[in-house]
Amino acid sequence: MNLKKFLKAALCGAMVVAMAVTAGCGGSDKKADSGKKVLKVGMECAYAPYNWSQPSADGGAVKIAGSNEYAYGYDVMIAKKLADSMGADLEIHKIEWDGLAPAVVSGKIDAAIAGMSITSKRKESVDFTKPYYYATVVALVKKDSPQAQAKSVADLKGSVATSQLNTIWYDQIDQVPDVKKIPAIDNVPGMIVALKSGKCNLIVTDIPTAKAAAFANPDLTMVTFPEDKGFKTSKEDVEIGIAIKKGNKELADAMNKVLSGMTEADFNKIMDEAIKKQPLAK
């Protein structure tokens, strides 16, 4: 090998080593104008009260990358706490639900903070932090419907039901006796439209989603049941976590340090604040 080829090979090797070292860093290597690291977080920006989009930075919303809109909601509030603790600038990316896990795997984003249940299936492709919320499964119905009088899941018998695509909620529908299960819907606004228009008379979802929908739509109500008469769920059904790339222990440790210092009461307090701030609530 001549000197020119040797130097070229050495340079390439140095670049590979440098890339391998930086790949293990928590958060993105991208630097903001401030010189700080950037934490790139993905979410739907259409899943109130977890996350939504709005036209301004009012209330503390964060600009969505490549857009004139801003993101806010429970997920943004948590993301801001995490970024601040890491000394990083927060960058929000608007990504469709089905694209969130792939975006984490590819490195397009550092984390998906999007009301995502920590399921065994998802853990095959991504790692999760400790839970940052615990979400009980409930029913969302019209106030003037027979379903609104239900005292148990059994009382929802014969309902026409749906939920969001690729969520554990859609699977819970099967617990309703003689249910007429219609195709899942891409997002929460679409679910609410289906319920209000009469396409279905039951939405199976979690407490924050149902509470936010009822807060913004006076004709809807959330129906909860005693533990022994409600939807049967597993631990992974109700634990909501942050998805990060497999093996990124540095980022996981940094986030878990913050989450470990918070209680379920802290999470609920922030969620209640998000519900009151959602655009449709005004």
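## A five-stranded sheet

Let us start with an open sheet of five strands, arranged in the order 13-12-14-11-15 with mixed pairing. The edges are taken by strand 13 (180-181) and strand 15 (220-223), each of which has a single partner strand, so one side of each is left without a neighbour in the sheet. Keep in mind as you look around that this is a predicted model.

Further in, strand 12 (residues 160-162) and strand 14 are paired in the parallel sense, over two bridges. If you want a spot to look for in this region, Ala161 stands opposite Leu202 in strand 14.

## Thr205, a residue of strand 14

Strand 14 covers residues 202-206, and Thr205 is part of it. Is Thr205 buried or exposed? Thr205 is buried, because its relative accessible area is 0%, and the cut-off for buried is under 20%. Setting aside residues up to four places away in sequence, Thr205 touches Thr136, Val137, Val138, Leu140, Trp169, Met191 and Ala210.

## The chain as a whole

Stepping back, the secondary structure of the chain comes to nine helices and 16 strands. The chain has 282 residues, and 48% of them count as buried. Among contacts in the chain with a separation of 6 or more, 68% are between residues 24 or more positions apart.

## Two residues and their distant partners

Phe231 sits in the loop between strand 15 and helix 7 (235-238). Although it belongs to a loop, Phe231 counts as buried, at 8% relative accessibility. Ala139 is 92 residues from Phe231 in sequence, while their C-alpha atoms are 9.2 Å apart in space. Ala139 is also one of the residues in contact with Phe231, and others include Val137, Val138, Val153, Leu156, Gln172, Gln175, Val176, Val204 and Phe225. Two of these names, Val137 and Val138, may be familiar, as Thr205 touches them too.

For a second example, turn to Met43 in strand 2 (residues 37-43). Met43 counts as buried, with 0% relative accessibility. Between the C-alpha atoms of Met43 and Met116 there are 9.7 Å, and along the chain these two are 73 residues apart. Leaving aside neighbours within four places in sequence, the contacts of Met43 are Asn51, Asp75, Val76, Ile92, His93, Lys94, Ile95, Leu100, Ile113 and Ala114.

## The largest nonpolar core

The largest nonpolar core holds 87 residues, and the members that touch the most others are Tyr50, Tyr74, Ile92, Tyr132 and Ile242. Helix 2 supplies the largest share of this core, with seven residues.

Which residues does Ile242 touch? Not counting residues up to four places away in sequence, Ile242 touches Leu82, Ala111, Ala112, Ile113, Asp127, Phe128, Thr129, Tyr132, Met255 and Leu259. Tyr132, which Ile242 touches, is itself one of the core members with the most contacts to other members. Ile113 is also worth a second look, as it is in contact with Met43.

## Helix 2 meets helix 9

Helix 2 (residues 74-86) packs with helix 9 (residues 264-277) at an angle of about 130°, and their axes are 9 Å apart. That angle makes helix 2 oblique to helix 9.

Which residues make this contact? From helix 2 come Tyr74, Met77, Ile78 and Lys81, and they meet Phe267, Ile270, Met271, Glu273, Ala274 and Lys277 of helix 9. Sorted by class, the contact has seven nonpolar, no polar and three charged residues. Tyr74 thus links two parts of this tour: Tyr74 takes part in the helix contact, and Tyr74 is also among the core residues that touch the most other members.

## Backbone details in the loops

A few loops have backbone features to look at. Ala48 and Pro49 are joined by a cis peptide bond, with omega at about 10°. Pro49 has its place in the loop between strand 3 (46-47) and strand 4 (51-54).

Two residues other than glycine have a positive phi: Asn166, at about 55°, and Asp178, near 50°. Asn166 is found in the loop between strand 12 and helix 4 (168-172), whereas Asp178 is in the loop between helix 4 and strand 13. Asn166 is partly exposed, with a relative accessible area of 43%, and Asp178 counts as exposed at 53% relative accessibility.

Conventions: Residues numbered from 1 in each chain as written. Predicted model: local features only at pLDDT ≥ 70, side-chain atom pairs only at ≥ 80, totals over all residues. Heavy atoms only, no water. Axes fitted to C-alpha atoms, helices over the stretch in contact; angles between N-to-C directions. Helix = DSSP H or I, 4+ residues; strand = E, 2+ residues; numbered from the N terminus. Parallel < 35°, antiparallel > 145°, perpendicular 65-115°, else oblique. Contact = heavy atoms within 4.5 Å. Nonpolar A, V, L, I, M, F, W, Y, C, P; charged D, E, K, R; others polar. Core = buried A, V, L, I, M, F, W, Y, C linked by side-chain atoms within 4.5 Å. Buried < 20%, exposed > 50% of the residue type's maximum accessible area, 1.4 Å probe, protein only. Pairing = 2+ DSSP bridges.
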